[in-house]
Amino acid sequence: MSELPQRQTDIGPPHYSKFLPPVIKENYGKWRYHEILSAGVMVHVAESGAKVWTVRVASPRLVSTDFIRDICEIADKYCDGHLRFTTRHNVEFLVSDESKVDPLVNELKEKGYMIGGIGDRISNVVHTQGWVHCHSAATDASGLVKVMMDELHEYFTEKELPAKVRLAVACCVNMCGAVHCSDIALVGVHKTPPRIEHDKVKNLCEIPSTVASCPTSAISPDPAKKSVKIKIEKCMYCGNCYSVCPAMPISDPKNDGVAIVVGGKVSNLRSNPKFSKLAVPWLPNNPPRWPEVVENVKKILNAYIEGAKKHERLGEWVERIGWEKFFKVTGLPFQLQHIDDFTFARETWRMAATFKW
Amino acid sequence: MPQKHPTPLIDELEKGAFPSFVKEIKRAAESSNVQDNNYAQDLLGQLELSYKEKKTHWKHGGIVGVRGYGSGVIGRYSDIPDQFPGVAHFHTIRVNQPGGFFYTTEALREICDIWDKYGSGLTNMHGSTGDIILLGTKTDNLEPVFAELSSRGWDLGGSGSAVRTPSCCVGPARCEWACYDTLELTYQITQRFQDELHRPMFPYKFKFKMAGCAVDCIASIARADMSIIGTWKGNIQIDQDEVRNYAKNGMDIQAEIVDMCPTGCMSWDGNELKINDEDCNRCMHCIAKMTKALRQGEEKGATILLGSKAPIVTGALMSWVIVPFIKLEPPYEELFDLVERIWEFWDEHGKNRERVGELIERMGFPVFLKETGIEPHPAMVKEPRRDPFFFWSEEDVEK
Amino acid sequence: MDREELKKIIYELVEKSMGKKLYKPGDLFKKLEKEHGVSKAEAKAALRELMDAGTLIYSYKGGSYVEIPPKE
Ligand code: HEM
Ligand code: HEM
Ligand code: HEM
Ligand code: HEM
Ligand code: HEM
Ligand code: SF4
Ligand code: SF4
Ligand code: SF4
Ligand code: SF4
């Protein structure tokens, strides 16, 4: 085997200045304004008059090294060997010479890249690992992203919306993604409590930390079995115990499903950042194309397009019309599960006599 | 190498307009650049089975990492390794990304070459936390990958009960609204806290996210224990000619700007836009919609918020204000000092797996302020308390 | 305290508690401070040397812990 180079520790990441394109370096911190030219192209103008054009394309986030080599080749041809990614997993090509914009766009189109995601549209979907890589996944995140975006891609590449609509997918209630503050988000959920494999608990789990892991205090020690027991009526199927004790598997293919939450945002524009709220508590986990989930997402998006004012995010629209009306215009059924009984529950009950029919 | 396992279910996900992750796994499975195609081949097989059975086939187990670090490698094992030996080990390596996610193609190719030699050829660009995620390798390859990466100037990111890889918005590199240098601060925080990042010694994880303004493109308020969000003092600078241009070009200034201002502090008479800056809460709506006409006030800095976390364990929190305004210029000592005081408080009182936000909820925000020496300020609350059950300490009462 | 002696104490703490209690680095530091008057900085430096030598390792079980490497 060949000699390995000398390892180094605690060096941290390379300094970003090594990777900035010259036009960015020269105008760093001196940008004046920007204009959105199309769904996938914008231009930033600096105090000096210098301009940089950005062309944005979607990626599936899970990409092969060959995909990276392909985009590098394009960046070498048009962008002097520079490119960047966005926080929502898009790829951006930056050019300082206007004459290169159209040829770049054309080549990207020819090669089948999906250009868009800028402005009041749907951008790429923030999501988690799912069955591709995670032990607690109730559903597959990459698959849900794919089927949802196959249906909604026109809102990425051309059609405008009242405001940005941010989508996210998390494959279990840990929600590694940014689901809890998205306009429309999917979360994998369980409906049944974990099963205790008593013979394994002894070896795999530390009992006090397992007991402590349960947010609803449903778990107590079971000294006779050298294991634990669950008060079933207290369990909210969060899976937290499974994360701490692998002998308490919670996955249940017949009952695991997908919930939809809506109306969250992280920006401070106009109204304060908001958490997403429950719109649909459970839909069947129906791979490979999850038709029920896609249909319900479209139902919500269409109601929003129909009802919202310009610049109004989904959550702002719902707050203006009221949640009672949201259920009316979307036709989604309102059930017991929609009423909060967790930490912040009482803040959410209607303590007034005013509401809409 | 031709495909080892038939995959009729996930083949469905190669269809449709949006770029397909299944296609990417297949590319890695067949690529001649990738030295060992078995990772991606068996990943396809195992993923197909998950789609069929509707359940995950990954498990925890074993202890993996690189020597001296407790962070940056995530162990992953198949629960059916006999069927899919290629993913018996499928560990993730988190590589600390450069600020703003800017790269040269040379740097990216260097990483691809290393990963093709030692891993699956699959990546996430990027993980939700911000790292470059190298997806899938075996335990024996961890030290070689680390030696190859670190000798070329790349280090691992955070995981476990440590500082997680800090990340930031594109900021001053390509955004006119950045109120401080998000890339530089991110770099400096990462360097300053290398020890805390690689050697987990906290009760649980701690995340920093840097946003240049209240648009918060990095979602810091929802997913960082410390969210640093740019803001300003002083009047919004108005270019009235440009405002009139927006109106001429079809913008309904009254409906789209003035009526949507959350504080009702703007007025428009068809010719001149007025802002009563004293009442502006700097939400960024008007500036974001009229970028040519409006610019932020001149005294720039940031608001520091603390505490957001996901719903596990006691419900989600968003970060809330702990420092209304701070100037952020190198060497950032005031900020580092604050961070260290917060960690001391957390170290002292935090329970295992308790995030700093949860701890403050449990102990009380006033206790936190007192112990960390932060002065109370009305910007920290939406409203004062409703109940009369407040506490006094010794020094507040007459003896 | 002498660095080597401190390292021995840490190792023995971890060894003795195997199978009973998992130590987080922070628990170790607190214990060393209380029982031996060792400063956190000293304890951190000693733990780091043990880790760099591979005598102890970090493990992850829903939180990060200090353990003795498994025997082959
Ligand atoms: C469908 C629902 C949801 C989805 C898809 C979702 C997704 C996400 C995502 C993508 C992140 C980003 C994590 C990161 O990159 O660091 C995140 C973080 C977070 N989510 Fe959610 N979320 C959802 C619901 C909720 C709910 C209902 C809450 C709380 C009530 C919540 C609380 C949080 C918190 C507190 C964080 C902070 C992350 C951290 O601790 O670092 N989420 N979520
Ligand atoms: C008994 C055992 C275990 C339990 C109860 C457990 C539990 C958990 C929990 C709760 C998380 C949550 C992640 C977080 O809090 O950020 C997690 C993540 C993780 N687990 Fe396990 N785990 C166990 C064993 C292991 C083992 C043995 C490994 C590795 C070899 C491992 C690797 C990981 C990794 C890499 C993550 C993600 C780490 C991160 O980014 O924070 N786990 N595990
Ligand atoms: C008990 C709870 C949790 C468990 C068991 C858990 C487990 C894991 C595991 C195993 C991974 C690695 C996935 C992979 O790459 O293979 C992971 C990644 C991650 N987790 Fe968690 N997690 C937990 C809670 C959370 C929470 C509460 C958040 C934040 C809101 C969070 C945020 C993340 C993020 C941001 C990643 C990186 C995801 C990515 O790169 O796409 N985790 N978690
Ligand atoms: C030492 C403290 C307190 C004393 C001695 C006290 C005493 C009383 C008395 C004598 C009444 C009238 C009962 C009646 O008319 O039959 C009353 C009613 C009430 N008290 Fe208290 N109170 C105290 C504290 C509070 C506090 C702190 C609150 C609220 C935060 C409160 C809320 C009320 C309310 C809402 C009523 C009206 C109940 C009703 O008519 O339905 N009290 N209290
Ligand atoms: C220092 C705090 C407070 C004290 C000592 C206090 C005391 C009282 C008392 C003694 C009464 C009964 C009067 C009566 O029946 O003649 C009362 C009534 C009431 N209090 Fe307070 N209270 C306090 C704070 C509050 C707060 C914070 C609220 C609400 C947020 C509140 C809401 C009410 C209401 C709704 C009534 C009933 C009025 C009515 O029936 O006409 N009180 N309070
Ligand atoms: S959301 Fe849950 S299942 Fe998905 S990657 Fe995160 S921890 Fe795993
Ligand atoms: S699933 Fe959640 S609520 Fe149910 S026992 Fe486990 S930790 Fe408790
Ligand atoms: S958060 Fe603000 S400064 Fe940063 S990129 Fe977004 S708009 Fe620009
Ligand atoms: S920044 Fe927000 S609050 Fe301030 S004037 Fe503009 S719209 Fe109004």
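Me: Does B:Phe84 count as buried or exposed?
Reply: The model is a predicted one. B:Phe84 has a relative accessibility of 5%. The limit for a buried residue is under 20%, so B:Phe84 counts as buried.

Me: Which residues does B:Phe84 touch, not counting residues up to four places away in sequence?
Reply: B:Phe84 is in the loop between β3 (77–78) and β4 (92–95) of chain B. Its C-alpha atom is 8.8 Å from that of B:Tyr39, although the two are 45 residues apart along the chain. With residues up to four places away set aside, B:Phe84 touches B:His5, B:Asp42, B:Gly45, B:Gln46 and B:Leu49.

Me: With which residues is B:Lys55 in contact, leaving aside its neighbours within four places in sequence?
Reply: B:Lys55 belongs to the loop between α3 (38–53) and β1 (58–59) of chain B. Its relative accessible area is 30%, so B:Lys55 is partly exposed. Once its neighbours within four places in sequence are left aside, B:Lys55 is in contact with A:Trp131, A:Ser251, A:Pro253 and B:Ser50.

Me: Which residue does a disulfide join to A:Cys205?
Reply: There is one disulfide over all chains of the structure. Two cysteine sulfur atoms must lie within 2.5 Å to count as such a pair. At an S to S distance of 2.1 Å, the partner of A:Cys205 is A:Cys245.

Me: How many residues apart in sequence are the parts that the pair of A:Cys205 and A:Cys245 ties together?
Reply: The link of A:Cys205 and A:Cys245 is right-handed, with 70° about the S-S bond. A:Cys205 is in the loop between α6 (198–204) and α7 (207–213) of chain A, whereas A:Cys245 is in the loop between α8 (240–244) and β12 (257–262) of chain A. Both A:Cys205 and A:Cys245 are buried. The parts that this pair ties together are therefore apart in sequence by 40 residues.

Me: Why does the sulfur of B:Cys168 have no bond to the closest cysteine sulfur, in B:Cys169?
Reply: B:Cys168 counts as buried, at 2% relative accessibility. A disulfide needs two sulfur atoms within 2.5 Å. The closest cysteine sulfur, in B:Cys169, is too far for a bond because its distance from the sulfur of B:Cys168 is 6.1 Å.

Me: How do α10(A) and α11(A) lie to each other?
Reply: Helix α10 (residues 314–321) of chain A and helix α11 (residues 323–330) of chain A have axes that come within 6 Å and cross at roughly 105°. Angles of 65 to 115 degrees count as roughly perpendicular. The two helices, α10(A) and α11(A), are therefore roughly perpendicular.

Me: How many nonpolar residues has the contact of α10(A) with α11(A)?
Reply: From α10(A), the contact is made by A:Trp317, A:Val318 and A:Ile321. From α11(A), it is made by A:Trp323, A:Lys325, A:Phe326 and A:Val329. By class, the contact of α10(A) with α11(A) has one charged residue and no polar ones, and the number of nonpolar residues is six.

Me: What distance separates the centres of domain 1 and domain 3 of chain B?
Reply: Chain B is divided into domain 1 (8–151), domain 2 (167–232 + 299–395) and domain 3 (235–295). Taken over C-alpha atoms, the centres of domain 1 and domain 3 of chain B are separated by 48 Å.

Me: Which residue does a cis peptide bond join to A:Pro287?
Reply: Most peptide bonds are trans. Here the bond after A:Pro287 is cis, with omega about 5°. The partner is in the loop between β13 (277–284) and α9 (291–307) of chain A, and it is A:Pro288.

Me: Where is B:His126 placed?
Reply: B:His126 is joined to B:Met125 by a cis peptide bond, with omega about 5°. The place of B:His126 is in chain B, in the loop between β6 (122–125) and β7 (132–135).

Me: Does A:Lys226 count as buried or exposed?
Reply: A:Lys226 is in the loop between β10 (219–222) and β11 (227–230) of chain A. Its phi is positive, near 50°, though A:Lys226 is a residue other than glycine. The limit for an exposed residue is over 50%; at 58% relative accessibility, A:Lys226 counts as exposed.

How values were computed:
Residues numbered from 1 in each chain as written. Chains lettered and ligands numbered in written order. Predicted model: local features only at pLDDT ≥ 70, side-chain atom pairs only at ≥ 80, totals over all residues. Heavy atoms only, no water. Helix = DSSP H or I, 4+ residues; strand = E, 2+ residues; numbered from the N terminus. Buried < 20%, exposed > 50% of the residue type's maximum accessible area, 1.4 Å probe, protein only. Axes fitted to C-alpha atoms, helices over the stretch in contact; angles between N-to-C directions. Parallel < 35°, antiparallel > 145°, perpendicular 65-115°, else oblique. Contact = heavy atoms within 4.5 Å. Nonpolar A, V, L, I, M, F, W, Y, C, P; charged D, E, K, R; others polar. Domains from an automatic or database assignment.
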